[in-house]
Amino acid sequence: MPWMLPTILKNFFGGPATRLYPVEVREPFEHARGQVSFNEDKCTLCGTCVRRCPAEAISMDKEKNELTFYPARCIVCEVCVDICPRKAIDLIYKWRSPFYAKPVEVYKPRGKASNKAEKEVAATHEPALNN
Amino acid sequence: MVEVTEKLWPVEVPPRVKYLRTIWAEMSRTHSHLLWLGLLADAFGFESMFLQFWRIRERVLDLLEMTTGQRVIQSVNIIGGVRRDISPEQKKICIDTLNTVRKESESLIKVLTNDYTVKSRTIGKGVLTKEQALQLGCAGPTLRGSGVREDARLTKYDAYGELNYEPVVEEAGDSYARALVRAKETLQAIDLQLEALAKLPDGEIAVRVRGNPPANEAVMRTEAPRGELFYYAKGNGTRNLERLKVRTPTFANLPSLLVMLPGCELADVPVIVLSIDPCISCTER
């Protein structure tokens, strides 16, 4: 008891150790791994992230042109962010808010179309440049 | 896992990586032991101490989040190095926080080791003799609590060879001895982090590793908070390993309950089971 006394007194007069979450949320650390988000404009559905994700949190359907992300499975290991050849996956420092139902995010990537359009534009400009 | 895979090539990582890995390993040990000390207090009904330990642990988790980006599953090691670096500002914050954590833990550990109630609930409960511990193949604090000087850090992997390290050993072999080992290791882990932060060399944080893991096999022993963690890897020249075997410390420590539990009082079962720090989900690998 006497050894615990300073701690007890400190607790009596000190403030609470916890916050009124989710009303009061701590600012995330600068490089905290909060969550990942997919950029539909850049993604080309190449499938690298699907193959490398250790938690199987990403799946894709090339025929439907859909990328499905299961945030509740994601462990924010950052592997997908590191290996994405198009840099289409971003790391957000802010933590995801708690949820009752497991969310499922469906993306419709346009990267392949925009990539193709870019190539077509480049191809049409090429002869002009050569001239 | 990363280190055993690096051994397949083998890849020599820069000195800064070794120190960073040591710092994060010891930081994980600090928070794991603080969690356990809290759970022990909870097991014999000392609720206020349980929360005090967890409050201190939160500071260590904040340090981990600040430096690695994650609280518990850091995912910071990659083959050939680490993903994150500790900046000079972060280093200063780490040193200040660790000193505070050490001071606060010390005062709480003093209560744990001197309190009459704590002693009466742990001394002589779940006795595991040195011979039984060795025979049953125990690991980590369970083994060291029975008077065996055995620790994978003595193999001097990472930066442990350059740090002032000596394993904590207690002779009694009861739940109190195992608690003492973990309490002292908490403080020792903080000292090791402070020493490693002071000696942290400059340099690169990763080297580029080319190609697939070669057809080779390797073993690696590391000291996780619960005991020796064993990895075996076999490569076949392709992208995927042919075989990877993990033996977690709880798998090694569980048989000791067969000796400790028979004949004990029912009320002592939570304390005795907890004294090996079981992680059942880690056992099945």
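Let's start with one pair of residues: Tyr232(B) has Lys245(B), in strand 5 of chain B, as its bridge partner. This is a predicted model, by the way, so please keep that in mind as we go.

That pair belongs to a wider pattern. Strand 4 of chain B, residues 227–234, and strand 5 of chain B pair in the antiparallel sense, and they do so over five bridges. Zooming out a little, we get an open sheet of three strands in chain B, with the order 3-4-5 and antiparallel pairing. Which strands stand at the edges? Those are strand 3, residues 217–224, and strand 5, residues 243–247; each has a single partner strand, so one side of each is left without a neighbour in the sheet. On average, neighbouring strands of this sheet are turned by 15° against each other, direction ignored.

Now for the helices of chain B, and I'd like to show you two pairs.

The first pair is helix 2, residues 15–43, and helix 8, residues 175–199, both of chain B. Their axes are 9 Å apart and they pack at an angle of about 155°. Because of that angle, helix 2 of chain B is roughly antiparallel to helix 8 of chain B; the cut-off for that word is over 145 degrees. The crossing of these two helices is left-handed. If you want to find the contact on screen, look on helix 2 of chain B for residues including Tyr19(B), Ile23(B), Met27(B), Leu34(B) and Leu37(B), and on helix 8 of chain B for residues including Ala179(B), Ala183(B), Ile190(B) and Leu197(B). By class, this contact of helix 2 with helix 8 of chain B has 14 nonpolar, five polar and five charged residues.

The second pair is helix 3 and helix 4 of chain B. Here the angle is about 165° and the axes are 10 Å apart. Are they roughly parallel or roughly antiparallel to each other? Helix 3 and helix 4 of chain B are therefore roughly antiparallel. Their crossing is left-handed. Among the residues that meet are Phe53(B), Ile56(B), Val60(B) and Leu63(B) in helix 3 of chain B, and Ile93(B), Cys94(B), Val101(B) and Leu108(B) in helix 4 of chain B. Sorted by class, the contact of helix 3 with helix 4 of chain B has eleven nonpolar, five polar and two charged residues.

While we are on helix 4 of chain B, which covers residues 88–114, have a look at Glu89(B), which is found there. Is Glu89(B) buried or exposed? Glu89(B) counts as exposed, because it has 9 C-beta neighbours inside 10 Å. Its C-alpha atom is separated by 27 Å from that of Tyr157(B), and the two residues are 68 apart along the chain.

So, where do the two chains meet? The contact takes 14 residues from chain B and 13 residues from chain A. On the side of chain B that touches chain A, the elements that give two or more residues are helix 3, residues 47–68, and helix 4 of chain B. The residues on that side divide into three nonpolar, six polar and five charged.

Let me finish with chain A. How many helices and strands are in chain A? There are four helices and five strands, and along the sequence they follow the pattern α-β-α-β-β-α-β-β-α. Of the 131 residues in chain A, 15% are buried. Finally, taking the contacts in chain A with a separation of 6 or more, residues 24 or more positions apart account for 74% of them.

Methods. Residues are numbered from 1 along each chain as its sequence is written. Chains are lettered from A and ligands numbered from 1 in the order in which they are written. This is a predicted model: local features need pLDDT of at least 70, side-chain atom pairs count only at pLDDT 80 or more; totals for chains, interfaces and linings use all residues. A residue is buried if 20 or more other C-beta atoms lie within 10 Å of its own, exposed if 12 or fewer, and partly exposed in between; C-beta atoms are placed from the backbone. Two residues are in contact if their C-beta atoms, placed from the backbone, lie within 7 Å. Ala, Val, Leu, Ile, Met, Phe, Trp, Tyr, Cys and Pro count as nonpolar, Asp, Glu, Lys and Arg as charged, and the others, Gly among them, as polar. Axes are lines fitted to C-alpha atoms, for helices over the stretch in contact, and angles run from 0 to 180 degrees between N-to-C directions. Angles under 35 degrees count as roughly parallel, over 145 as roughly antiparallel, 65 to 115 as roughly perpendicular and the rest as oblique. A crossing is left-handed if the near helix is turned anticlockwise from the far one by less than a right angle, and right-handed if clockwise. Two strands pair if DSSP finds at least two bridges between them.
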